[in-house]
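Visitor: Could you take me through one part of this structure closely, the nonpolar core, and then show me how the rest of the chain sits around that picture? I work in computational chemistry, so please give me the cut-offs as you go.

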Amino acid sequence: TPPDSVGAVILSSGVGGHAGWWWWPYQCHVGGQWQTCYTKQAAWWSDDGSVFRNLQISGIEYSVAADIEADSIGGYGWYDDASGNVYSRAFLWRLPDFTRTALHPADVRNSSVSAIDGERQFGSITTPFPFATHAAGWSGSAASFVDRHPSGASRSWVTGAGHGQQVGSAYFGDVQQPTLWPGRASSARSLLPSSATSASLNDADGGVQVGAASLPGGSHATAWRGAGDDYVDLHPMLPVVYASSIARAVFVDDVTGAVRVVGSAYDPVAERSVAVSWHWPALEERAADLN
């Protein structure tokens, strides 16, 4: 965290460094006197943390760098008008010069980037009235925007991407269904297990998708391999003190097939969440290793 700030968060790490946000300090006039105020601004750190870059966007009040891959950083910024309406805008930064590209399509209300996979960016947009959130994709420009909303869903969004797959959620009726886009927008499919009442997906890599499912016993961190009932409930591997858990990210080694999943678990007695990591040698051994 920069020394003049009150806090910062890293949301993604990669060979290009670390991306997230920090509280940017500025002088404001409140109650007849000057004091230090803070706004949330997108930020980048070098691999070793020695170099910091504020990615502040002119005309945007708050911003977040949500994902980083190689030389690309994806995120969004937001601001409000005099009536209190909030508007968000998707952005892409390119290293090493931090050249910024606005990805916001002209005919939508809001947009944001939450995931990057190679030269493609993913997230969501909000349609004009009647407002609805739709999963979205880009290829480096506002003109490349593709609406990836599944047919029949009321709202949808992409939260993670890797190895040509995108994952997120879509609502059908009142049920949040974990959604996988293995290719085109029209190929979206639900990974909701038959034993779950709802679920969500947060990340994908190497053919593995992770998130959380409302299974018998509570909300459990879960890993899938491309189908609703081809999943592993990760929660039973935790100490019994934890009432719920969620998987946030996954990494699959291209050579060995080893899988690592990271997330958090909630302890209701201590009233706190703790960081958790699961790992196993290869996809083929996942069930034997975890059960």
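Guide: Happy to; here is the core, with the chain as a whole before it and some local details after it.

A word on the ground rules. This is a predicted model, in which local features need pLDDT of at least 70 and side-chain atom pairs count only at pLDDT 80 or more, while totals for chains, interfaces and linings use all residues. Numbering starts from 1 along each chain as its sequence is written, and side-chain values use heavy atoms, with hydrogens and water left out.

The chain holds one helix and 23 strands (DSSP runs numbered from the N terminus: H or I of at least four residues for helices, E of at least two for strands). Its radius of gyration is 20 Å, close to the 19 Å of the globule rule for 291 residues, so the chain is as compact as a globular protein of that length (the radius is taken over C-alpha atoms, and the rule is 2.2 Å times the number of residues to the power 0.38). Along the principal axes, the C-alpha trace spans about 60 × 40 × 40 Å. Of the 291 residues, 48% count as buried (under 20% relative accessible area, with exposed over 50% and partly exposed in between, using a 1.4 Å probe and protein chains only).

Now to the part you asked about. The largest nonpolar core has 18 residues, and Val210, Leu234, Val250, Val261, Trp278 and Trp280 touch the most other members. Such a core is a set of buried Ala, Val, Leu, Ile, Met, Phe, Trp, Tyr and Cys residues joined through side-chain atoms within 4.5 Å. At least two residues come from each of β18 (208–215), β19 (218–224), β21 (244–252), β22 (259–267) and β23 (272–280). The biggest giver is β23, with four residues. A second, separate core has 13 residues, with Trp44, Ile73, Leu95 and Phe98 included.

Zooming in on Val210, and leaving aside neighbours within four places in sequence, its contacts include Leu201, Thr222, Trp224, Ala247, Val250 and Val261 (contact means heavy atoms within 4.5 Å). Trp224 is also in contact with Ser200, as are Ser169, Gln176, Pro178, Gly211 and Ala212, with neighbours within four places again left aside. Ser200 belongs to strand β17 (residues 199–205) and is buried, at a relative accessible area of 16%.

Elsewhere, Gly137 in strand β11 (residues 133–138) is buried too, with a relative accessible area of 5%. Beyond residues up to four places away, Gly137 touches Gln121, Phe122, Ser144, Phe145, Val146 and Arg148.

The backbone has some details worth checking in your viewer. Leu95, named above in the second core, is joined to Pro96 by a cis peptide bond with omega near 5 degrees; Pro96 sits in the loop between β7 (86–94) and β8 (99–102). Another cis bond runs from Phe129 to Pro130, with omega near 0 degrees, and Pro130 is in the loop between β10 (120–126) and β11.

Ala70 has a positive phi of about 55 degrees although it is not a glycine. Ala70 lies in the loop between β5 (62–69) and β6 (72–80) and is partly exposed at 39% relative accessibility. His163 also has a positive phi, near 55 degrees. His163 is in the loop between β13 (155–162) and β14 (165–172), and is partly exposed at 48%.
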